[in-house]
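The exercises below concern a ligand, its surroundings and the pockets of a protein. Work through each task with the structure open before reading the solution that follows it.

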Amino acid sequence: MSAHSTHERDEYLNRAIQLAVQNVADGGGPFGAVVVTPDGTAHEGVNRVTRDHDPTAHAEVVAIRRAAAATRRFDLSGSVLYASCEPCPLCLSATLWARIGRVYFAADRHGAARAGFDDALFYEYFSGARPELLPVEHADLSASDQPFDAWRNHVRRTAY
Ligand SMILES: Nc1nc2[nH]cnc2c(=O)[nH]1
């Protein structure tokens, strides 16, 4: 491996798996994740969807939120995400937006499917194979670009 040793990778993946198993015992979903920021700090997350009534509270998203809050940064460049299961499209998008540079995962989307989770199905939606899962419609209004015009004209904007 290039940047990270397989020993370090497997240590964090095993920790993510341990978090996931413990989360099941605690009444949550079977997913855990760790974000390691460039200073070497491990920020842990577990799936909190049912307990927080938050469909976006996937383990990876929770770990990203915790890493961002702890470092007071929305740009986590140079960080690594370790996940007990292959990140779903939601988690991958959050990872891209966080500018996290690398991802390792243990179980895959097919293992998640066997446990009753829709990760593989949603991958099919994004591949274009299942458009009927979510109709998305473009309405091109005359005001559509006003927010972007306001943004471009705002001198002290914080880009991300
Ligand atoms: N990777 C991942 N897949 C999920 N599918 C449902 N919840 C989760 C989660 O927290 N993480």
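**Exercise 1.** Which residue has a polar backbone atom 2.9 Å from an oxygen atom of the ligand? Continue with the polar contacts made by nitrogen atoms of the ligand, and then determine how much of the ligand is covered.

*Solution.* The model is a predicted one. Step one: the residue is Ala59, whose polar backbone atom lies 2.9 Å from an oxygen atom of the ligand. Step two: turning to nitrogen, an N or O atom in the side chain of Glu60 is found 2.6 Å from a nitrogen atom of the ligand, while for Glu86 a backbone N or O atom is 3.1 Å from a nitrogen atom of the ligand. Step three: on its own the ligand has 280 Å² of accessible area, and the protein covers 94% of that area.

**Exercise 2.** List the residues around the ligand, and sort this shell by class.

*Solution.* Step one: with a cut-off of 4 Å between heavy atoms, the ligand is surrounded by Phe31, Asn47, His58, Ala59, Glu60, Cys85, Glu86, Pro87, Cys88, Phe117 and Asp119. Step two: sorted by class, the shell holds 6 nonpolar, 2 polar and 3 charged residues.

**Exercise 3.** In which pocket does the ligand sit, and which helices each supply at least two residues of its lining?

*Solution.* Step one: the ligand sits in the largest pocket, whose volume is about 270 Å³. Step two: of the 18 residues that line the largest pocket, those nearest its centre are His58, Cys88, Leu90, Asp119 and Phe122. Step three: at least two lining residues come from each of helix 3 (59-71), helix 4 (89-97) and helix 6 (119-127). Step four: the class count for this lining is 11 nonpolar, 3 polar and 4 charged residues.

**Exercise 4.** Describe the second largest pocket by volume, lining and class, and then place the helices within the order of elements.

*Solution.* Step one: the second largest pocket holds about 190 Å³ of space. Step two: its lining consists of Ile64, Ala68, Arg73, Phe74, Asp75, Leu76, Ala94, Trp97, Ala98, Arg99 and Tyr160, with helix 3 and helix 4 each supplying at least two of the lining residues. Step three: by class, this lining has 8 nonpolar and 3 charged residues, with no polar ones. Step four: the protein contains 7 helices and 4 strands, and read from the N terminus its elements follow the order α-β-β-α-α-β-α-β-α-α-α.

How values were computed: Residues numbered from 1 in each chain as written. Predicted model: local features only at pLDDT ≥ 70, side-chain atom pairs only at ≥ 80, totals over all residues. Heavy atoms only, no water. Polar contact = N/O pair within 3.5 Å; in protein donor to acceptor, adjacent residues only side chain to side chain. Areas by Shrake-Rupley, 256 points an atom, 1.4 Å probe, with all protein chains shown as cover. 1 Å grid on protein atoms, 1.4 Å probe; cavity = no way out; pocket = protein on both sides within 12 Å on 5 of 7 lines; lining within 4 Å. Sits in = over half its atoms within 2 Å of the grid points. Nonpolar A, V, L, I, M, F, W, Y, C, P; charged D, E, K, R; others polar. Points joined across faces, edges and corners; volume = space filled by probe spheres on them.
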